[in-house]
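These exercises are meant to be worked through with the model open beside the text. Each one sets a task and then gives a solution in steps.

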Amino acid sequence: MAKTNEAKLWLRIKNLKIKGHFTRIESSTLNGIPDVNACHSGAEYWLELKSNDLKDCGLSKWQINWHYDRIKAGGFVFILNKTLVPRALKLLRLNLVSRATDLVTSFPDTEDGLRTILEHAASLVREARTS
């Protein structure tokens, strides 16, 4: 069976030489739970993997609700979107007021770009924990 673009993005993360613990979550019982739980560089957060050019990355209402509830409870959730045109990696976050996505940062769609974007997500979590 052909791998989806999100599955390919997961394999890139899994095979990236980065110290940490990344776990792919596949739940048929809980709608909206993100694809990956990440713990590295002293930070724990969730990642929803997307690979498209859709508005708000095509998040479902269940995904939006899960992100909203987790963020309201003090958790950290990001969307990692591999855009198709132009090829880039974008880190986004749900805006609690509008429930739309806000761009956090973007990097070239390369191995270094992927490593940097994951480190950036971890640094945002660490900064929020210390402030």
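What share of the contacts in the protein chain with a separation of 6 or more is accounted for by residues 24 or more positions apart? In this predicted model, residues 24 or more positions apart account for 50% of those contacts.

**Exercise 1. Describe the overall architecture and dimensions of the chain.**

Step 1. Begin with the secondary structure: the protein chain has three helices and six strands, and, read from the N terminus, these elements follow the order α-β-β-β-α-β-β-β-α.

Step 2. Turn next to the dimensions, where the C-alpha trace spans about 35 × 30 × 30 Å along its principal axes. For 131 residues a compact globule would have a radius of gyration near 14 Å, and because the protein chain has 14 Å, the two values agree.

Step 3. Finally, consider burial: 44% of the 131 residues count as buried.

**Exercise 2. Find the residues and elements that build the largest nonpolar core.**

Step 1. The largest nonpolar core holds 24 residues, and those that touch the most other members are I13, F22, Y45, L47, F78, L80 and L118.

Step 2. Two or more residues of this core come from each of α1 (5-15), β2, β3 (43-50), β4 (77-83), β5 (88-94) and α3 (111-130), with α3 giving the most, namely seven residues.

Step 3. Take I13 as an example: leaving out residues up to four places away in sequence, I13 touches F22, L47, L49, L80, L114 and L118.

Step 4. Another core, of seven residues, lies apart from the largest one, and its members include C57, Y68, L92 and L94. In soluble globular proteins, nonpolar side chains tend to be buried together.

**Exercise 3. Compare the lengths of α2 and α3 with expectation, and list their buried residues.**

Step 1. For α3, 20 residues at 1.5 Å a residue should span 28 Å, and the end C-alpha atoms are 29 Å apart, so the span agrees with expectation. The buried residues of α3 are G113, L114, I117, L118, A121, A122, S123, L124 and V125.

Step 2. An α-helix has 3.6 residues a turn, so residues three or four places apart point the same way.

Step 3. Helix α2 (residues 61-72) has 12 residues and reaches 16 Å from its first C-alpha to its last, close to the 16 Å expected. Its buried residues are Q63, I64, W66, H67 and Y68, and what covers them includes β3, β4 and β5.

Step 4. Just after α2, G74 takes a positive phi of about 100°.

**Exercise 4. Work out the surroundings of two polar residues, K50 and N81.**

Step 1. K50 lies in strand β3, and because its relative accessible area is 10%, K50 is buried.

Step 2. Not counting residues up to four places away in sequence, K50 touches E6, L9, C57, G58, L59, Q63, I79, L80, N81 and K82. With Q63, the side chain of K50 makes a polar contact, side chain to side chain, at 3.5 Å. K50 and K82 are 32 residues apart in sequence, yet their C-alpha atoms are 6.3 Å apart in space.

Step 3. N81 lies in strand β4 and, at 4% relative accessibility, counts as buried.

Step 4. Polar atoms of the side chain of N81 lie 3.4 Å from the backbone nitrogen of S51 and 3.1 Å from the backbone oxygen of N52. With residues up to four places away left out, N81 touches K50, S51, N52, C57, A88, L89, K90 and L92.

**Exercise 5. Place G32 in the fold.**

Step 1. G32 lies in the loop between β1 (21-24) and β2 (36-40), and, with 12% relative accessibility, G32 counts as buried.

Step 2. Leaving aside neighbours within four places in sequence, G32 is in contact with W62, Q63 and W66. G32 and E48 are 16 residues apart in sequence and 9.3 Å apart from C-alpha to C-alpha.

**Exercise 6. Classify C39 and C57 by accessibility, and count the disulfides.**

Step 1. C39 counts as partly exposed because its relative accessibility is 37%, whereas C57, at 4%, counts as buried.

Step 2. How many disulfides does a search of the whole structure find? The search finds zero.

Definitions and conventions. Residues are numbered from 1 along each chain as its sequence is written. This is a predicted model: local features need pLDDT of at least 70, side-chain atom pairs count only at pLDDT 80 or more; totals for chains, interfaces and linings use all residues. Side-chain values use heavy atoms; hydrogens and water are left out. A disulfide is a pair of cysteine sulfur atoms within 2.5 Å. Buried means under 20% relative accessible area, exposed over 50%, partly exposed in between (1.4 Å probe, protein chains only). Helices (H or I, at least four residues) and strands (E, at least two) are DSSP runs, numbered from the N terminus. Contact means heavy atoms within 4.5 Å. A nonpolar core is a set of buried Ala, Val, Leu, Ile, Met, Phe, Trp, Tyr and Cys residues joined through side-chain atoms within 4.5 Å. The expected span of a helix is 1.5 Å times one less than its number of residues. A polar contact is a pair of N or O atoms within 3.5 Å; within protein, one must be able to donate a hydrogen and the other to accept it, and residues adjacent in sequence count only if both atoms are side-chain atoms. The radius of gyration is taken over C-alpha atoms; the globule rule is 2.2 Å times the number of residues to the power 0.38.
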